[in-house]
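Colleague: I should like to learn how cysteine pairs and packed helices are read from a model. Might we go through them in turn?

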Amino acid sequence: MHDMDNVNNQYDDYDSVRANAARFFSIGFAPAYLKSPRLYERKPVTDLWNKLTSVCKQQWKWKNVPLPDKKNPVFGGSQPRILQVRGPPGCGKSSATYYWVSSVCRLENTQAVWISCANADGRAWTIKRDASDNTVKATQRAVPLSQSDTDFADIVVFDGVRATTLEQWRGLMNDLARTGIPVVVVSSEGVFFHAGDSQDIISLGHFVPSWIMSEYLEACRDDQFWGSCYYHFNDASQNDNLGVRNGALIEKFETAGHSARFMFRKPERWITAEIKQKALAMGGIDSLEAATRADRSAGAVNTIVTRIQTDKNGLTPDQQAVFPAEEDLTNVATSRQDLDLLDTEWDNEDSSPRLLSALAAAEVLKVIPSSVERLRNVGRALENQAIEGYALELQLKKKLNEAKHPGQYLVLSHGSISLAVSSVLFCEGGDVLEMLKTHHDPDTWIFIAGRQGAFDAIHVVSNTHIRFVQVTAGKRHSFKLDILDGFMTTLGMAGLTWSHLEFMIVRPEDDHRPFSLLTTRGRLQNYRRFDEEQWHRADYRDNVQYATLDWD
């Protein structure tokens, strides 16, 4: 079961789903940790900008009501808002929010205060347009401690808020929101607002998902964007063509996964070391279970766990984002209806899969006890197909070992498939050819460890028939016949040939979700199926056999 195959294979059908010309943005005059020469406006960014605009327009309507009038019964029950922008590390929350803030500050006589809350003491900047050259700049200032320190702010952003620092800033957030100043809190998923002294304030949330492969590919089509990040890819150059860029992205995806920060800003060696360290720091199954119970990414888990939402991810949208206009800053609420929540302010934050890169999943699995039931339960609770798939692999190995006894068979698909087992062997991906040369007796099973890319096990049925088995707990899987064809060619050169070949997908018996194989990569000719039909055909996926495995 291979994480890259089962989680987010959008790149296989990429060219057919490309959107219109991509849009990019840059951040120049900003706090050093936010500056970036080229950023990609994927769909989650556009959605975030629209949400910020919607919430802030409502807040300004309340801010512009004169203080004595705020107590007028006509506004009875109205509640100010705080918008919390949440999401996994490295998804671009802060950069996209800063760009939106700086765009608002291009309006005349508009300014914002940006507070970095990652550290206990914090740092702050005033963001406003410089009249001398009409550019928006960030000037470092004293950290505000009370509402009076931000009297002239039209927006206040608290960036990098952590669970350990939330209470330090919560009072100031509440005071500002009550006056009508738009308050935006940018935080990780592990930060939650609780009721108490702010029951009079509506806490709105907006989720920014991690990147998916189609977003990576679209961003790196742009020469300037690639020029800003190519040096974090092995053996890459600024002049690489699209094919080389795509190959580099797909290769690094195994290590970096869905974290754009890892993909574009960190070298692969650093990511590998970081993941191994954090996986060990998780302390195995208990901390993953704790993260599940709390429904959040916490501690070390937060560093390498990402989340996507396929209905919200995507390429640059056709519509332009809506930014505030001059009149929005001066609009005044005249009734409670003017301050009612808008549909655009709500965010349906559906649960989304928690994903690890292939490397991170492998490292985490090393510290998880090999209990099939616990692995399956944790994999499903975390919605992590890599962990659940590993549990399914263990279950298949267990069933194979039980089937070695006389009169026993590997039983699949509610008993409709029975396969003989004489021996079960294990090897690394690079050793499978040598293993087959010396172990190809009938009904030999060979399990391949690691990520070799096309199958998980081989069943030598006879000297004429061979079966390749792929175990998966995902909703989709790749079909890499080019790897399989190369493998069979190499075996033939070593004098090992089979005339009949079968490719079998094994899935959990209790998983009733629709399953799909992605478009076939490569071809496989000159073989027959077990039913004597020729392998070569228009759609090679027609050759695949499907089976299910129970957990008992």
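The dialogue below takes up the cysteines and then a pair of helices.

Modeller: A preliminary note: this is a predicted model, in which local features need pLDDT of at least 70 and side-chain atom pairs count only at pLDDT 80 or more, while totals for chains, interfaces and linings use all residues. Residues are numbered from 1 along each chain as its sequence is written, and side-chain values use heavy atoms, with hydrogens and water left out.

Colleague: How many disulfides does a search of the whole structure find?

Modeller: A disulfide is a covalent bond between the sulfur atoms of two cysteines. The search, which requires a pair of cysteine sulfur atoms within 2.5 Å, finds zero.

Colleague: Why is C91 without a bond to the closest cysteine sulfur?

Modeller: That sulfur, in C117, is 17 Å from the sulfur of C91, too far for a bond. For C229, the closest cysteine sulfur belongs to C220 at 4.5 Å, also too far.

Colleague: At what angle do the axes of α7 and α9 cross?

Modeller: Two packed helices are described by the angle between their axes and the distance between the axes. Helix α7 (residues 242-256) and helix α9 (residues 268-281) have axes that come within 9 Å and cross at roughly 25°; axes are lines fitted to C-alpha atoms, for helices over the stretch in contact, with angles from 0 to 180 degrees between N-to-C directions. Helices are DSSP runs (H or I, at least four residues), numbered from the N terminus. The two are therefore roughly parallel, a term for angles under 35 degrees.

Colleague: Which residues of α7 and α9 meet?

Modeller: K252, T255 and A256 in α7 meet E268, I271, T272 and I275 in α9, where contact means heavy atoms within 4.5 Å.

Notes: Angles under 35 degrees count as roughly parallel, over 145 as roughly antiparallel, 65 to 115 as roughly perpendicular and the rest as oblique.
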